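Got your viewer open and a selection box ready? Load the model, and let's walk through it one stop at a time.

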Amino acid sequence: MAQGPTGPAPHDPAAPTTPAAGAPDPRAWTPPPGPGPGGPGPTDRSPGERYGASAAYGGPGTGRETPGAPAPHPPADDRPVTHAGPPTRPAGDPRGPGWADPAGPREPGEAAEEPGRDAFAHLYRDQRGAGPTGPGAPAAPGTVPPVAGTTAGGPAEPPPVPEPVAEPRRPGRGSSLLKSSAVMAAGTLVSRVTGFIRQLIIVAALGAAVLGDTYAIAWALPSMIYILTIGGGLNSVFVPQLVRSMKNDEDGGEAYANRLLTLVMVVLAALVLIAVLIAPLLIRMMSARIADDPAANEVAVTFARYCLPTIFFMGVHVVMGQILNARDRFGPMMWTPVLNNIVVIATFGLFLWVHGTQRTSGVAVDTITPEGVRLLGIGTLLGLVVQALAMIPYLRAAGFRIRPRFDWVGQGMGKAMRLAKWTVLFVFANQIGLVVISQLATWAGDNAERAGFPGTGFLAYSSALLIWQMPQAIITVSVMAALLPRISRSAADGDNAAVRDDLSQGLRTSAVAIVPIAFAFVALGVPMCTLLFGSAGDTAARSFGYILMAFGVGLIPFSAQYVVLRAFYAYEDTRTPFYNTVIVSICWIALSALSFVLLPDRWVVAGIAFSYGIAYTVGVGIAWRRLRSRMGTDLDGARVVRTYIRLCGAAIPAAVPAGLAGWAIMEALGSGVVGSLLALAGGSVILAVVFVLAARRMRIEELTTLIGMVRSRLGR
């Protein structure tokens with residue numbers, strides 16, 4: 001991500017951009033949000049936030065209206081910045097020739113601004129506390145009210161200008177982003193933790209062999225089909241469309257949202273019906289090895305027919321969540337998946353209570369009872385039903401009422417579908433890779449299990465992938481969920497500088513945590529997996545750990561790619577992400593096939609995991625160059641690359657002693673619960689301490705800011 005040869009200098013996101021003298025400020029036109037003239041104004045917004053409200057805004061009764069709602073007229077003293085001509089300078093004015101009043105022409109008797117005051121303070125008057133105006137309003141402190149009868153000797157002298165009062169420094173865009181991200185990160189963290197517990201219970205109940213792979217394949221199908229059909233468009237295309245409808249439509253986008261929700265429900269209902277009917281073909285598509293085993297195929301098809309209806313509830317949940325996100329209500333979409341995980345955990349917990357763990361009961365595809373399969377299938381479906389229905393109270397609280405609307409023609413849905421076309425192709429290219437990987441992983445895993453090396457199949461791959469993606473889902477996705485509406489507004493206004501600043505901020509903010517965690521996976525992957533998946537056996541748990549280590553450093557380009565592609569979606573460019581993903585998928589499939597041919601069966605999935613990171617490294621480089629060409633400006637590349645290099649320079653010397661310490665502890669105490677826990681804890685402490693010390697010595701400003709924020713929260 002090299003810096004382009006041309007382009008403006010990097011822009012500080014927290015600083016307001018001041019126009020040249022006499023030039024219009026593209027941001028000064030924005031009317032102040034609030035209940036109306038004379039009411040309380042949004043005094044907690046910095047100048048840099050006027051043109052792009054972050055996720056921290058939008059609570060009813062807070063004086064911060066939802067973006068896109070009709071705004072009141074600006075106050076009378078919010079004059080335009082353009083000037084008809086330079087004002088006449090009074091004789092003897094000490095400010096020298098050529099001086100022009102920055103506030104523009106003034107009414108007779110109106111006081112000019114004092115020398116030394118902020119020449120552009122008039123641009124941000126709407127952000128100061130507006131007191132009552134008009135007749136009968138109390139005079140401001142320090143002013144002299146006009147005295148009746150003083151007009152005889154000519155016009156009354158203007159009141160003296162009050163001394164400027166220093167206003168408390170308000171949080172900038174970075175602070176607002178951190179607050180918004182914190183709410184979502186908390187929900188995502190709880191959701192991911194409970195989802196991780198769910199995965200642990202699944203492995204304990206079904207094992208890491210063929211039975212576990214049948215459930216993993218069946219559960220992967222609805223997610224794959226949903227994303228392949230409309231999920232990608234919902235996640236990336238319709239967020240900008242919803243923001244635009246809220247901004248431009250008289251009803252704040254409610255009709256558009258109801259049309260979208262109705263359309264999605266109709267399409268997904270038909271899709272579920274078709275998918276359930278062709279479930280055997282879908283299982284063969286995912287794993288020919290399972291389909292060729294009659295007992296495994298029967299269990300997998302039964303699981304799939306319970307799991308496939310979740311496609312409908314996934315779509316409903318996502319649309320409701322995006323409607324709330326467009327209204328700056330980010331919490332529900334991140335927190336409701338916790339309910340789904342709780343239901344599934346309870347279901348598998350009941351299965352464990354009846355049958356015990358797979359390691360003790362020896363349950364397999366040919367011994368599991370139909371009642372057991374039915375219990376797990378119904379519990380899986382019920383979890384998504386609860387997750388979707390839990391969104392309805394939040395929608396009602398946000399003032400949104402669900403009303404089915406079938407008037408799709410001529411209402412902008414066609415434009416969104418055309419944009420979604422490329423996103424569907426984008427996920428299609430991505431899902432082709434998943435299909436190939438599931439075939440290779442189940443084939444190699446079955447061969448490795450027969451050779452005495454369990455834990456190297458598709459369930460091992462998906463379990464390691466779940467751990468590996470957790471930091472990205474908690475940190476990067478939360479950061480970009482807060483940034484995407486703001487980036488979309490800036491892109492719609494043609495403000496490429498603001499898009500660049502937010503993109504740079506998203507990359508650097510997420511990297512502070514992503515980079516050290518990626519190296520932690522390399523250093524401590526084995527003790528982490530022996531602690532978490534010990535119920536599957538020591539050999540299988542270690543195999544999980546080797547796969548996690550292979551994923552490791554690939555988390556860095558994977559996270560960066562996610563951030564960069566959000567900028568294309570903000571510009572309603574879905575074609576470029578499609579071509580980019582085609583390249584990534586081709587690289588991944590080619591390298592995975594090479595691993596399948598060259599590596600022993602027990603190491604094939606580890607090779608596939610390592611190939612994943614290489615493919616995304618290629619993809620993020622191509623995406624960066626295309627985005628720079630698309631925006632026609634530098635993307636703050638030098639600053640971003642410098643941050644990543646410094647973070648890696650601090651993480652490598654931290655990961656080496658952490659990995660050695662973890663290995664030594666496990667050698668001394670074994671790979672049981674105690675030994676794995678102490679190895680993971682000791683290695684993590686060493687890695688964190690060394691990384692922070694090295695990063696502070698390198699003066700990595702993003703980490704310093706983060707530590708300062710944490711200390712301020714803790715009151716230290």
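Start with the whole chain in view. Among contacts between residues at least 6 apart in sequence, 82% join residues at least 24 apart. This is a predicted model, and its secondary structure comes to 23 helices and 0 strands. The protein has 716 residues, and buried ones make up 50% of them.

**Colour by confidence**

Now colour by pLDDT. The average is 74, with 68% of the residues scoring at least 70. Select residues 1-155: pLDDT stays under 50 there, and the model has 192 contacts beyond four places in sequence for this stretch. Do likewise for residues 163-172, where pLDDT again stays under 50 and the contacts beyond four places in sequence number 10. Where pLDDT is low, the predicted coordinates should not be read in detail. Hide both stretches if they get in the way.

**Stop one: H4 and H8**

Select residues 254-277 for helix H4 and 310-326 for helix H8; their axes come within 8 Å and cross at roughly 165 degrees. That angle makes H4 roughly antiparallel to H8, and H4 passes H8 in a right-handed crossing. Show side chains next. From H4 you'll want Ala257, Leu260, Leu261, Val264, Met265, Leu268, Ala269, Leu271 and Val272, which meet Ile311, Phe312, Gly315, Val316, Val319 and Ile323 of H8. What classes of residue make up the contact of H4 with H8? The split is 14 nonpolar, 1 polar and no charged.

**Stop two: H18 and its partner H16**

Move on to helix H18, residues 555-570, and add helix H16, residues 496-532. The pair packs at about 160 degrees, with axes 8 Å apart. H16 and H18 are therefore roughly antiparallel, as angles over 145 degrees are counted that way. The crossing of H16 past H18 is right-handed.

For the side chains, pick Leu503, Gly506, Leu507, Ser510, Ile514, Val515, Ile517, Ala518, Phe519 and Phe521 on H16; on H18, pick Leu555, Ile556, Ser559, Ala560, Val563, Val564 and Ala567, which they meet. Here the classes come out at 14 nonpolar, 3 polar and no charged.

**Stop three: H18 again, now with H15**

Keep H18 on screen and bring in helix H15, residues 458-492. The axes of H15 and H18 come within 9 Å and cross at roughly 20 degrees. Are H15 and H18 roughly parallel or antiparallel to each other? Roughly parallel, since angles under 35 degrees fall in that class. H15 also passes H18 in a right-handed crossing.

On the H15 side, the contact uses Trp468, Gln469, Pro471, Gln472, Thr476, Val477, Met480, Leu484, Ile487, Ser488 and Ala491; on the H18 side, it uses Leu555, Phe558, Ser559, Tyr562, Val563, Arg566 and Ala570. Tallied by class, the contact of H15 with H18 has 12 nonpolar, 5 polar and 1 charged.

**Stop four: single residues that reach across the sequence**

Centre on Glu449, which sits in helix H14 (residues 413-450). Its relative accessibility is 31%, so Glu449 counts as partly exposed. Draw a C-alpha to C-alpha distance to Asp601: these two are 152 residues apart in sequence but 9.1 Å apart in space. Leaving out neighbours within four places in sequence, Glu449 is in contact with Ala209, Val210 and Pro454.

Then jump to Ala650 in helix H21. Ala650 is buried, at 0% relative accessibility. Residues up to four places away in sequence aside, Ala650 touches Phe691, Ala694, Ala695 and Met698. Try another distance here: the C-alpha atoms of Ala650 and Arg696 are 9.0 Å apart, with their positions 46 residues apart along the chain.

**Last stop: two odd backbones**

Most residues other than glycine have a negative phi. Which way does Asp636 go, positive or negative? Positive, with a phi of about 60 degrees. You'll find Asp636 in the loop between helix H20 (604-631) and helix H21 (637-669), and Asp636 is buried at 4% relative accessible area.

Finish at Arg699, a non-glycine with a positive phi of about 60 degrees. Look for Arg699 in the loop between helix H22 (673-697) and helix H23 (701-714). Is Arg699 buried or exposed? Exposed, with a relative accessible area of 70%.

Notes:
Residues numbered from 1 in each chain as written. Predicted model: local features only at pLDDT ≥ 70, side-chain atom pairs only at ≥ 80, totals over all residues. Heavy atoms only, no water. Axes fitted to C-alpha atoms, helices over the stretch in contact; angles between N-to-C directions. Helix = DSSP H or I, 4+ residues; strand = E, 2+ residues; numbered from the N terminus. Parallel < 35°, antiparallel > 145°, perpendicular 65-115°, else oblique. Left-handed = near helix turned anticlockwise from the far one by under 90°. Contact = heavy atoms within 4.5 Å. Nonpolar A, V, L, I, M, F, W, Y, C, P; charged D, E, K, R; others polar. pLDDT = per-residue confidence, 0-100. Buried < 20%, exposed > 50% of the residue type's maximum accessible area, 1.4 Å probe, protein only.
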